[in-house]
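This report describes selected features of one protein structure, shown below. Please keep the sequence and the model in view while reading.

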Amino acid sequence: MRINRRAVAAAAAIAVVLPLSACGGSEAGSTDASGKVEGKITFQTWNLQANFKDYFNGLIADFEKQHPGTDVKWVDRPAEGYADKISADAAGSTLPDVVNVSPDLVAPLAKAGLALDLDKAASQYKKEYLPGAWDAHRIPGAEGTYAFPWYLNTGPLFYNKRLLKDAGLDPEKPPTTYDEVFDAGLKMARQSKGKVAALANVPTIEDFGRYGVPLMNEEGTAFSFNDPKGVELLTRYKELYDAKALDPQALTATPESSGHKFLTESVAMNPGSALDLANFKKQAPSLYKNIGITDQITSTGKANMYVMGVMVNAQSKQKPAAVAFAHFVTDATRQMEFAKKVAIFPSTAGSLDDPYFTEEDGTDETRVRIAAAKSLKTAVNYTPVLFSEQMKTELRNAVARALQGKQSPEEALDNAVKACDRLLRQS
């Protein structure tokens with residue numbers, strides 16, 4: 001199951017049609033969710049039925065038993081075209097009562113008045129969730145939170161202990177901040193005469209966030225990752241690139257190609273998952289013997305999280321039941337049950353202290369799960385909810401121009417911000 005599912009141009013596509021369906025001022029559009037939990041509601045998930053049919057049928061049966069008089073209809077939509085389906089439902093006033101969303105999908109729905117503000121309608125539940133997860137569905141420049149946090153994901157950093165040791169670095173004390181990575185990378189490149197790179201990926205918007213760069217203004221009207229700290233980050237990456245401490249093919253790298261570089265021990269550090277670790281053990285036993293696992297690199301002290309949410313339709317005619325069910329799906333009990341069925345993590349406060357996320361059992365899966373769970377306690381979703389796929393492309397192209405020396409880091413980021421601001425105004 002892919003956790004970080006970003007639909008191409010999803011926000012832009014939805015924003016085009018949503019204003020047609022906003023019905024501000026109606027009783028159905030109020031934020032009052034008080035009253036008896038009863039009636040028929042529809043719950044929509046995102047590509048989950050094939051693998052988790054029994055889980056969700058059981059969950060729905062338990063809810064209906066606890067709340068006699070309720071009737072939950074479950075529909076599941078395929079990953080392909082999910083954003084288009086939401087936009088069509090929004091335009092046709094057929095949006096389900098409870099909808100599985102990611103932050104980028106909920107943003108245009110909230111702006112159109114179709115996502116219920118939980119800070120007003122269900123504030124009593126806020127304390128049950130990790131602060132960073134609850135905040136993931138806030139919209140810059142607007143008040144409110146527009147979805148219950150559901151499952152989270154993140155990944156630790158794998159590193160090659162032998163390559164660090166060969167460069168004169170302590171393999172038991174891997175880099176933890178970007179500055180430490182840059183210094184270690186330059187040293188490894190010098191020691192190996194350019195044969196070993198520290199990283200195989202260029203910086204993304206998440207890297208700028210984890211470096212401490214302010215990504216957007218508070219009003220949500222303009223991007224700001226071209227500030228001096230952003231320029232500083234890209235300048236340091238340019239140093240890595242020039243010294244061959246950043247893999248020469250990083251400009252066109254994919255997660256798969258970066259993983260291969262790490263597998264063949266030409267790159268010292270790479271983010272990953274339990275599936276990667278099992279693959280290393282099978283395909284590269286010598287690498288596996290030297291694998292180190294540590295937290296994501298961050299200069300803010302907080303890792304990045306990917307988050308899925310459960311939104312309540314602000315136009316629902318059964319708000320008490322819709323809110324109650326959305327909370328039921330995402331409460332601590334249900335999230336722990338779901339986390340033990342698939343490699344995801346609960347967003348509920350205290351759940352990550354469960355022995356399932358803290359106690360070693362000698363398996364690869366548990367090693368990675370514990371490392372990831374530890375970082376999620378204070379993690380945040382660094383990717384702005386308004387940062388579209390087109391904007392990601394603009395940033396990637398700007399980074400490439402800077403690394404290749406076609407533009408200075410400052411000029412490249414200035415141009416990227418201008419392009420992203422233009423796209424923001426068009427959405």
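## Nonpolar cores, a pocket and a helix

In this predicted model, Phe-225 is in contact with Ile-205, Phe-208, Val-213, Pro-214, Leu-215, Gly-230, Phe-387, Leu-395, Leu-413, Ala-416, Val-417 and Cys-420, when neighbours within four places in sequence are left aside. A separate core of nine residues includes Phe-262, Phe-280, Ala-284 and Leu-287.

Phe-225 also belongs to the largest nonpolar core, which has 127 residues. Together with Phe-325, Phe-225 has the most contacts inside this core. Helix α14, which spans residues 319-330, gives the most to the largest core, contributing eight residues.

The second largest pocket holds about 560 Å³ of space. Its lining consists of 21 residues, and those nearest the pocket centre are Asp-135, Arg-138, Pro-140, Asn-381 and Pro-384. The table divides the lining by residue class.

| Class in the lining of the second largest pocket | Number of residues |
|---|---|
| Nonpolar | eleven residues |
| Polar | six residues |
| Charged | four residues |

Attention now turns to a single helix. Which residues of helix α3 are buried? Within this helix, residues 82-91, they are Tyr-82, Ala-83, Ile-86, Ser-87, Asp-89 and Ala-90. Viewed down the axis of α3, these buried residues fall within an arc of 165°, and therefore they line one face of the helix. A general rule helps in reading such a pattern: an α-helix has 3.6 residues a turn, so residues three or four places apart point the same way. After α3 comes Ser-93, which has a positive phi, near 60°.

How values were computed: Residues numbered from 1 in each chain as written. Predicted model: local features only at pLDDT ≥ 70, side-chain atom pairs only at ≥ 80, totals over all residues. Heavy atoms only, no water. Core = buried A, V, L, I, M, F, W, Y, C linked by side-chain atoms within 4.5 Å. Buried < 20%, exposed > 50% of the residue type's maximum accessible area, 1.4 Å probe, protein only. Helix = DSSP H or I, 4+ residues; strand = E, 2+ residues; numbered from the N terminus. Contact = heavy atoms within 4.5 Å. 1 Å grid on protein atoms, 1.4 Å probe; cavity = no way out; pocket = protein on both sides within 12 Å on 5 of 7 lines; lining within 4 Å. Points joined across faces, edges and corners; volume = space filled by probe spheres on them. Nonpolar A, V, L, I, M, F, W, Y, C, P; charged D, E, K, R; others polar. Arc of directions from axis to C-beta.
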